[in-house]
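Trainee: I have a model open and would like to work through a few parts of it. Can we take them one at a time?

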Amino acid sequence: MKTRTIGQLTVSALGLGCMGMSEFYGDGDEQEAIATIHEFLDAGGSLLDTADMYGPFTNEKLVGRAIAGRRGDVVLATKFGNERREDGSWVGINGRPEYVRGACDASLQRLGVDHIDLYYQHRVDKTVPIEDTVGAMAELVQAGKVRHLGLSEASAETIRRAHAVHPITALQTEYSLWEREPETKVFPVLAELGIGFVPYSPLGRGFLTGQIRSVDDFAEDDFRKHSPRFQGENFTRNLELVDRVKELADRKGCTPGQLALAWLLAQGEHVVPIPGTKKRERLRENLGAVDIELGVEDLQLLDQLAPAGATAGARYPNMSTIDT
């Protein structure tokens with residue numbers, strides 16, 4: 001596995017998103033999920049991404065069981081800020097300093113570790129000054145509980161203000177061939193401040209694999225059934241985009257998903273995608289993207305096939321939690 005540097009942190013060129021192993025994408029199989037994490041680590045992968053809200057709380061426990069005895073192989077990332085109850089109900093976004101401290105201690109216990117390598121604010125709490133939230137996160141670094149700080153779905157202005165309090169190592173935001181909004185305002189700030197970029201949903205929630213042809217493919221508890229991009233006319237239009245990408249993938253001798261990940265990797269050495277999967281078969285496919293080389297003509301063609309703004313529909317049913 002090749003490595004990349006985000007901020008001052010060295011990680012594998014591809015990370016592994018663990019969310020779907022516990023929730024949101026239908027039923028999971030813990031034995032297969034742990035085997036997938038182990039195979040990722042055996043292949044030289046290091047960056048594992050989870051969050052307290054996944055499950056809720058069960059995904060951190062799963063990751064903790066998977067990395068027991070292998071802590072030295074792992075760059076462990078988790079998040080706080082999307083507050084949920086044990087029964088799964090939603091409380092809201094919480095960036096209050098006292099909550100930050102308690103959330104970190106709870107994550108450390110569930111993960112079974114003494115420190116978190118990369119601790120993200122999952123969503124920006126617009127009712128709390130970012131300086132206060134990041135100040136509390138910086139205290140966790142001083143206490144040795146956290147090594148590096150990150151933000152998720154933060155605007156360019158928020159990133160600047162946060163970085164002035166304590167260096168931000170990485171921004172995690174949705175980015176892929178069908179979601180290119182960060183390019184305009186966020187990317188210049190990341191380049192200026194030396195912050196890494198960790199795209200989540202780099203395969204468009206599975207759409208860019210070309211495997212999804214109908215919403216009937218989803219289990220009843222799959223959140224994509226309610227996503228605007230998977231509804232009605234939006235779904236049809238987005239299928240056309242995926243089919244265009246698939247044509248180029250066929251010519252390159254790779255899968256559409258591998259092409260989508262290779263495109264992300266070609267956006268800069270500071271970009272580390274975290275495709276999520278809960279099966280070893282899909283993991284192996286994703287890892288193959290690291291060895292795909294895209295030339296200037298390939299990248300230009302992909303810009304034409306999947307230009308910014310081409311995707312139909314909003315990313316979430318409710319975009320109010322996104323800091324813009």
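The questions below go through a domain record, a strand pair and a helix pair in this predicted model.

Trainee: Which residues does the UniProt domain annotation cover?
Mentor: Start with the record. The unreviewed UniProt entry carries the annotation "domain: NADP-dependent oxidoreductase". Over that stretch the chain is 42% helix and 15% strand. The annotation covers residues 14–305.

Trainee: How do strands S6 and S7 run?
Mentor: Strand S6 spans residues 82–84, and strand S7 spans residues 90–93. They form a hairpin with five residues between them. Asn82 stands opposite Ile93 in S7. Three bridges join S6 to S7, and the two run antiparallel.

Trainee: Is Val91 buried, partly exposed or exposed?
Mentor: Val91 sits in strand S7. It touches Glu83, Arg84 and Arg85, leaving aside residues up to four places away in sequence. Buried needs under 20% relative accessible area, and exposed needs over 50%. Val91 has 39% relative accessibility, so it counts as partly exposed.

Trainee: Which residue in the hairpin turn has a positive phi?
Mentor: Look between S6 and S7. The phi there is about 95°. The residue is Gly88.

Trainee: Are helices H2 and H3 parallel, perpendicular or oblique?
Mentor: H2 covers residues 58–67 and H3 covers residues 97–111. In their contact, Glu60, Lys61, Val63 and Gly64 in H2 meet Ser107, Arg110 and Leu111 in H3. The helix axes come within 7 Å and cross at roughly 45°. That crossing makes H2, relative to H3, oblique.

Terms used. Residues numbered from 1 in each chain as written. Predicted model: local features only at pLDDT ≥ 70, side-chain atom pairs only at ≥ 80, totals over all residues. Heavy atoms only, no water. Helix = DSSP H or I, 4+ residues; strand = E, 2+ residues; numbered from the N terminus. Buried < 20%, exposed > 50% of the residue type's maximum accessible area, 1.4 Å probe, protein only. Contact = heavy atoms within 4.5 Å. UniProt positions renumbered as here; feature names shortened; annotations may be inferred. Axes fitted to C-alpha atoms, helices over the stretch in contact; angles between N-to-C directions. Parallel < 35°, antiparallel > 145°, perpendicular 65-115°, else oblique. Pairing = 2+ DSSP bridges.
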